[in-house]
Amino acid sequence: MARITTNFRCSECGWTTLKWAGRCGECQAWGTVAEAGQTTGIARTLKPVVLSDERAAQPITAITASAVAHWPSGIAEFDRVLGGGIVPGATILLSGEPGVGKSTLLLEVASRAAATGKRVLYVSAEESVNQVRMRAQRTGALHDSLYLAAETDLATIIGQIDQVHPDLLIVDSVQTVSSSLSDGLAGQPGQVREVASTLIRISKDRDLPLLLVGHVTKDGSIAGPRLLEHLVDVVCQFEGDRQTALRFIRAHKNRFGPTDEVGCFEMTGDGIAEVADPSGLFLSRSTAPVSGTCVTIATEGRRSLPVEVQALIVKSSAPQPRRVTNGVDSSRVAMLLAVLERRAKLPLSSSDVYVSTVGGIRLTEPGADLAIALAIASAYSDKAFPTTLAAIGEISLAGEIRSVSHSKQRAAEAHRLGFTTLVDSTSTHLREAMRTAFATTETVQPEVPQF
């Protein structure tokens, strides 16, 4: 006969132990080990299921593949990231920092879908229907085909789905919904796993597109079990700085399209707006050449963007001069300052150096090294580069300039935007690149202050 043995199981990863422990010995999670009964012996033996002809395995050559049909959400930048639009039966997980605009974006998606005649069910587990209605009125998202519900119980949400029969389901958020079939509070790994798997199963069975909002932890990763990202079809990250209105959305996982596309949005008083051509967002408005500035062509996914780097050099009497950066990596700037002083003979060790980008964008790729170095050199010599000059390249510790990824695409975008002089890896060394750039400079005359 089968016997029942009492052991303890981790609800996060399934690790088992004979004694209770406050911390899982496998995934190191706290408070996830609970008592569980497990049958041992012959009763655990699974019996094979007799398969029907429809479920029998077939040769892969005998299976006819049908193209995945996307229907546009009405927001071109969102469709770009999804690979063309929303796929029926697909589950899309949207995560981001609190207050970045996830709910505003999904409410805009819901209103665009409702405007085309589709039934949309927006389930808000964090806000009341009056709060969502006020935001919808402000952003112009009021439609008769858009249904709102403020529910936190999974069974009630399923009842809403059966009553409305929506063509698009939005749940905000998955960490605030709980199920009576799972123990624990909402947001715990067991609850998130139960809620997500149930909603995804309903989505697959009914070909119902599902948009889920996911919370993030302190380090920016999606909260809850890692299984959540494996269950869904698309994982999107909504990014942005609270100090600026610019927002980016990118896909970290996409079963129906590429993962190297980036969508660009701007938060306005009337909601969220698309930025189809963000080429002018990261350039200064000054038409006259200014010393200490240089433009580089950065890549965000498949999109090339011109970004202006600004530098300022000030003589310092302090024993340790300041190194202040904004939008660029401080350790990368420190390395470039060492290369400029050692390879290009620029005495910068006794000066305060300030480096910043325009528009709040953050440059993390090494392709901006040459533009940062030229901006610093321009600020030190007080000579301005013309507004038609752009620099692309990575600088090594030896002062060599290396080519970067998508170099042809960047060069084509630079010429399209009117940058006639391009300093890149064709200049093999930093000194050669500086000679090429300074051959086009203009000396900046200091202005006489008016009192």
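The questions and answers below concern a predicted model of one protein.

As a predicted model, local features need pLDDT of at least 70 and side-chain atom pairs count only at pLDDT 80 or more, while totals for chains, interfaces and linings use all residues. Residues are numbered from 1 along each chain as its sequence is written, and side-chain values use heavy atoms, with hydrogens and water left out.

Reader: What pLDDT does the protein average?
Author: pLDDT is the predictor's confidence in each residue, from 0 to 100. A score of at least 70 is reached by 93% of the residues. The average for the protein is a pLDDT of 87.

Reader: Over which residues does pLDDT stay under 50?
Author: Where pLDDT is low, the predicted coordinates should not be read in detail. The stretch in question has 0 contacts beyond four places in sequence, a contact being heavy atoms within 4.5 Å. It covers residues 445-451.

Reader: Which helix gives the most to the largest nonpolar core?
Author: A nonpolar core is a set of buried Ala, Val, Leu, Ile, Met, Phe, Trp, Tyr and Cys residues joined through side-chain atoms within 4.5 Å. The largest one has 46 residues, and Leu340, Val355, Leu370, Ile372, Ile376 and Leu430 touch the most other members. Helices are DSSP runs of H or I with at least four residues, strands are runs of E with at least two, and both are numbered from the N terminus. With 9 residues, the main contributor is helix α8 (residues 369-381).

Reader: Which residues is Leu370 in contact with, leaving aside its neighbours within four places in sequence?
Author: Leu370 is one of the members of the largest core that touch the most others. In soluble globular proteins, nonpolar side chains tend to be buried together. The contacts of Leu370 are Ala391, Ile392, Gly393, Ile395, Ile401, Val423, Asp424, Leu430 and Ala433.

Reader: Is Ala149 buried or exposed?
Author: Ala149 is found in strand β6 (residues 146-149). Beyond four places in sequence, Ala149 is in contact with Leu121, Tyr122, Val123, Ser124, Val129 and Gln160. Buried means under 20% relative accessible area, exposed over 50%, and partly exposed in between (1.4 Å probe, protein chains only). Because its relative accessible area is 5%, Ala149 is buried.

Reader: What percentage of the residues of the protein count as buried?
Author: The C-alpha atoms fill a box of roughly 90 × 55 × 55 Å along the principal axes. The protein has 10 helices and 22 strands. Of its 451 residues, the share that count as buried is 45%.
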